[in-house]
Amino acid sequence: CKEMIEVQPYAFIDKPVSEEKLEKILKRVFETHLNSDDSYCFSYNKRQYNIPLNQIRFFQSDKRIVQINAVQLENKAIKLMKYKEIRNYGKLEEVERNLRKANVKFLRIRKSLLVNTRFIKEYSADRVVLDNGREVEISKNYRDHVRQHYISMLKGRRWE
């Protein structure tokens, strides 16, 4: 029972699995994770932005500009939306430091890329595949860190 609490289960499903019951539970899990209050706040060109972290797929830096790739929720379905015009001046290290306090976990894949782990659908030794099909090579400096994250997920522990 103690191990079960650590994993934070949403529900138990009796066999045979009812498609209706499974769908109902998955919707609840999905909505719980997507309705997190954590958000990334910044200003750019005299405008204030507040993007929910659970909608941010990744942060990518180029020199001192941090670009944000995110999805937007629309009618309970996820529709891809890249915030092309929204950029933030700063360093990815600063973004990563600010995100450590959040409930949404981001993983450094490369020096210039910080990925929301919820959008990683495949892990391998040298690359990850995101939900949109984009393959990202893991740089040698971050491979051990990514591998540790993946192993902790397999063991059912929360990533810290």
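Me: In which strand does N88 lie?

Reply: In this predicted model, N88 belongs to strand β5, which spans residues 77-89. As a general idea, side chains in a regular strand alternate between the two faces of the sheet.

Me: Is N88 buried or exposed?

Reply: The reading rests on a cut-off: a residue is called buried when its relative accessible area is under 20%. N88 has 10% relative accessibility and therefore counts as buried.

Me: Which residues is N88 in contact with, once its neighbours within four places in sequence are left aside?

Reply: The contacts of N88 then fall on Y40, F42, S43 and Y44, and also on R64, I65 and V66. I65 illustrates how sequence and space can be read side by side: 23 residues separate I65 from N88 along the chain, while their C-alpha atoms are 5.6 Å apart.

Me: What share of the contacts in the whole protein chain joins residues at least 24 apart?

Reply: When contacts between residues at least 6 apart in sequence are considered, 41% join residues at least 24 apart. As for burial, 33% of the 160 residues in the protein chain are buried. The accessible surface amounts to about 11600 Å², and carbon and sulfur atoms account for 47% of that area.

Me: How many helices and strands are there in the protein chain?

Reply: The protein chain holds four helices and ten strands. Their order along the sequence is α-α-β-β-β-β-β-α-β-β-β-β-β-α.

Me: In what sense do strands β8 and β9 pair?

Reply: Strand β8 (residues 120-123) and strand β9 (residues 127-130) are paired in the antiparallel sense, with three bridges. One bridge joins I120 to L130 of β9. The two strands, β8 and β9, form a hairpin in which three residues lie between them.

Me: How should one read helix α4, and which of its residues are buried?

Reply: The general idea is that an α-helix has 3.6 residues a turn, so residues three or four places apart point the same way. Helix α4 comprises twelve residues, 143-154, and extends 16 Å from its first C-alpha to its last, close to the 16 Å expected at 1.5 Å a residue. Its buried residues are V146, H149 and S152. Because they cover an arc of only 125° around the axis, they lie on the same side of α4.

Me: What covers the buried residues of α4?

Reply: The cover includes strand β6 (106-110) and strand β8. Strand β8 is thus met again here: besides its part in covering α4, β8 forms the hairpin with β9.

How values were computed:
Residues are numbered from 1 along each chain as its sequence is written. This is a predicted model: local features need pLDDT of at least 70, side-chain atom pairs count only at pLDDT 80 or more; totals for chains, interfaces and linings use all residues. Side-chain values use heavy atoms; hydrogens and water are left out. Buried means under 20% relative accessible area, exposed over 50%, partly exposed in between (1.4 Å probe, protein chains only). Contact means heavy atoms within 4.5 Å. Two strands pair if DSSP finds at least two bridges between them. Accessible areas come from the Shrake-Rupley method with a 1.4 Å probe; for residues, only the protein chains shown count as cover. The expected span of a helix is 1.5 Å times one less than its number of residues. The arc is that of the directions from the helix axis to the C-beta atoms.
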